[in-house]
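Okay, thanks for coming, everyone. Could you pull up the structure on your screens while I talk you through it?

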Amino acid sequence: MSLISFSPSPSPEGTGEIVERSLVFDVRSFGAVGDGVSDDTQAFQLAWDTACRAEESRSLLVPKGNVFMIQSTIFTGPCLSGLTFKVEGTIMPPDGPDSWPKNKSKKQWLVFYRINGLTMKGGGLIDGRGEKWWNLPCKPHKGINGTTLPGPCDSPVAIRFFMSSNLRIEGLKIKNSPKFHFRFEDCQNVHIEKLIIRSPALSPNTDGIHIENTNNVRIYNSLISNGDDCVSIGAGCYNVDIKNIKCGPSHGISIGSLGNYNSRACVWNITVSESVIKNSDNGVRIKTWQGGRGSVSMVTFESIHMDNVRNPIIIDQYYCPLKNCINQTSAVSVSNVSYSNIRGTYDFRSFPMRFACSDSVPCTDIMLSQVELFPSQEGHILTNPFCWNVYGTVSTLTTPPLLCLQEGPPLMLPQHDVVPCY
C-alpha cells in the first residue's frame with residue numbers, strides 16, 4: 001500500500017505526541033502514467049481497491065497536470081469507510097468506438113457499484129470524447145430526414161452509479177459524453193452540486209443527469225448545456241429537489257419518458273425551482289407513452305425563467321419518437337402538478353403551454369399561477385395554449401390566457417383502475 005501525504009509535519013522529538021497527516025492514495029503511486037496515451041486502468045483499479053479496504057476514511061487522488069486514459073471499468077464496493085474520489089487532473093476514455101476494446105462493454109465507461117458514502121469532487125475534468133460516438137451511422141441526425149442507418153449503436157454512459165447510497169458529487173466539470181453524462185440507478189440519498197456539464201446542442205442522447213429508481217435526490221447550483229435533457233427523471237423516483245439550474249441549449253428538464261412497453265411507472269414529490277432554461281426545445285416537461293400504468297403526482301415547477309424556449313410548459317401523454325405507435329386506452333396518470341411564477345419568452349413556432357392528456361385518463365389537479373410567456377421574436381402575437389382532456393385551476397390570469405383548461409375535477413373518472421404508487 002502506497003500512501004502519499006500532503007505537507008507532512010515533522011514528528012516532534014521527545015514529546016511522544018502523535019501528529020495526524022492528511023493521507024491520500026495518489027494514482028501515480030500505483031503505476032498511473034498520466035500522459036493521455038498510456039492505459040492507466042489497472043493503476044486506478046489498484047488505487048481504488050486499496051483505498052476501499054482502508055479502515056479509516058481516505059481519498060483517492062487524480063492529480064492536477066496529468067491526463068489519464070481509462071478503459072471501461074467498474075469500481076466496486078462496499079468499502080470499509082467513507083471514500084473521496086478527488087479529480088484534479090483529467091480523465092478520459094479511449095477515443096471512439098474503433099479504439100474501444102472488444103471485450104469491454106460499449107454501454108458504460110466508469111461504473112460505481114454498491115458504494116455507500118462516496119464523495120466525488122475536484123476542479124479537474126472528465127472528458128467523454130464523444131464525437132466519434134455521436135457520428136455513428138445509427139444516430140438519428142446521420143440519416144435522411146432523421147432516419148437511422150444500419151450498424152452498431154451502443155454508446156457508453158460516462159459515469160454510472162448503481163445500487164449505491166449517500167453519494168455527494170460536487171464541483172466537477174464533465175464534457176462530451178458519448179451518451180448520458182451521469183446516470184443514477186437504484187440509488188438513494190444523492191447530493192449533486194456545482195457541476196458544469198457541457199456537450200454540443202446536437203449531440204444525441206447526452207442527458208446531463210439521469211435518475212431512475214432513485215430517491216432523496218438534491219441537484220443544486222449547476223450549469224448544464226447538452227444535446228438532450230438537462231435533467232431526466234425516470235420511473236421509480238421520488239423526493240427529488242432541483243434548484244438553481246442553468247439549463248440550455250438542451251431539451252429542458254423532463255419527467256419521463258414513462259410507461260413504455262406497457263410498463264408501470266411511479267414518480268412523485270418532485271420540485272424544480274429558481275432555475276433558468278434558455279434556447280431549448282422544451283422547458284419543464286412530463287412525457288408518457290400510451291399503454292403505460294402508474295402515476296406522476298405531487299410535482300411543483302416554481303420560479304423558472306424561460307428564454308427562447310420552444311415548449312416552455314408541456315405535458316405529453318402521446319409521447320412516441322418512433323413511427324406507427326398505436327392508440328391505447330391505459331395510461332400513466334398525471335395529477336397534482338403546480339406551475340407558479342413561470343415567466344419569459346417562447347419560440348412562436350410552438351405552443352407556450354401544451355397539455356396533451358390521455359383520452360381515457362385525463363390530467364387532473366393541474367394548477368397555474370403567475371405564468372407569463374411572450375413570443376421571443378418581435379412582431380408575433382401571442383400563441384394560444386393547447387389543451388386536451390386536462391382539468392385544474394388557474395389562480396391568476398396567465399399570459400397568454402389559458403382558456404382551454406377545464407376547471408375543477410372531471411365529471412367522469414376513468415373506468416379502469418388507476419393504481420396509486422404510494
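**A walk through the model**

So, before anything else: what you're looking at is a predicted model. Please keep that in mind as we go along.

Let's begin with the sheet. Eleven strands, or 11 if you're taking notes, make up an open sheet, and they run in the order 6-9-12-15-18-20-22-24-26-28-30. The pairing there is parallel. As a bit of background, strands in a sheet pair through backbone hydrogen bonds, and that can be parallel or antiparallel.

Which strands stand at the edges? Those are strand 6, residues 73-76, and strand 30, residues 386-388. Each of them has a single partner strand, so one side of each is left without a neighbour in the sheet. If you go from one strand to its neighbour in this sheet, they're turned by 15 degrees against each other on average, ignoring direction.

Something also packs on this sheet, namely helix 1, which covers residues 41-53. Helix 1 touches strand 6 and strand 9, and its direction makes about 10 degrees with that of strand 6.

If you want one pairing to zoom in on, try strand 18, residues 209-212, with strand 20, residues 231-233. These two pair in the parallel sense over three bridges. Have a look at isoleucine 211 while you're there: opposite it, in strand 20, is isoleucine 233.

Next stop, histidine 251. What does UniProt place at His251? The record, which is an unreviewed entry, has the feature "active site" there. In the model, histidine 251 sits in the loop between strand 21 (237-247) and strand 22 (253-258).

Is histidine 251 buried, partly exposed or exposed? Its relative accessibility is 23%, so it counts as partly exposed. And what is histidine 251 in contact with, once you leave aside its neighbours within four places in sequence? That would be Gly227, Asp228, Asp229, Asp281, Asn282 and Arg285. With glycine 227 there's a bit more to say: the side chain of histidine 251 reaches the backbone oxygen of glycine 227 at 3.4 Å.

Stay in that loop for a second. Proline 249 is also in the loop between strand 21 and strand 22, and the peptide bond joining glycine 248 to proline 249 is cis, with omega at about -5 degrees. There's another cis bond to look at, from glycine 77 to proline 78, where omega is near 0 degrees. Proline 78 is in the loop between strand 6 and strand 7 (83-87), so scroll back that way if you'd like to see it.

While we're on backbone angles, here are two residues with positive phi that aren't glycine. Arginine 129 has phi near 50 degrees, and you'll find arginine 129 in the loop between strand 11 (125-127) and helix 2. Asparagine 189 has phi near 60 degrees, but asparagine 189 lies in a strand, strand 16, residues 188-193. Arginine 129 counts as partly exposed because its relative accessibility is 23%, and asparagine 189 is partly exposed as well, at 31%.

Last topic: charges. Side chains of opposite charge can pair when their charged atoms come close. How many salt bridges does a search of the whole structure find? The count is 13. I'll pick out a few.

Take aspartate 95 and lysine 132, which form a salt bridge with their closest N and O atoms 3.2 Å apart. This pair links distant parts of the chain, 37 residues apart: aspartate 95 is in the loop between strand 8 (90-92) and strand 9 (108-113), and lysine 132 is in helix 2, residues 131-134. Aspartate 95 is partly exposed at 28% relative accessibility, and lysine 132 is partly exposed at 46%.

Then there's glutamate 56 with arginine 58, a side-chain salt bridge at 3.4 Å, N to O. Why does arginine 58 count as buried? Its relative accessibility is 19%, and the buried class is anything under 20%.

One more pair is glutamate 170 with arginine 168, meeting at 2.8 Å, N to O. Glutamate 170 is partly exposed at 22%, and arginine 168 is partly exposed too, with 31% relative accessible area. Elsewhere, salt bridges that share partners join Arg160, Arg183, Glu185 and Glu212 into one network.

That's my tour, so over to you for questions.

Notes
Residues are numbered from 1 along each chain as its sequence is written. This is a predicted model: local features need pLDDT of at least 70, side-chain atom pairs count only at pLDDT 80 or more; totals for chains, interfaces and linings use all residues. Side-chain values use heavy atoms; hydrogens and water are left out. A salt bridge is a side-chain nitrogen of Lys or Arg within 4 Å of a carboxyl oxygen of Asp or Glu. Buried means under 20% relative accessible area, exposed over 50%, partly exposed in between (1.4 Å probe, protein chains only). Helices (H or I, at least four residues) and strands (E, at least two) are DSSP runs, numbered from the N terminus. UniProt positions are given in the numbering used here, feature names are shortened, and annotations may be inferred rather than shown by experiment. Contact means heavy atoms within 4.5 Å. A polar contact is a pair of N or O atoms within 3.5 Å; within protein, one must be able to donate a hydrogen and the other to accept it, and residues adjacent in sequence count only if both atoms are side-chain atoms. Two strands pair if DSSP finds at least two bridges between them. Axes are lines fitted to C-alpha atoms, for helices over the stretch in contact, and angles run from 0 to 180 degrees between N-to-C directions.
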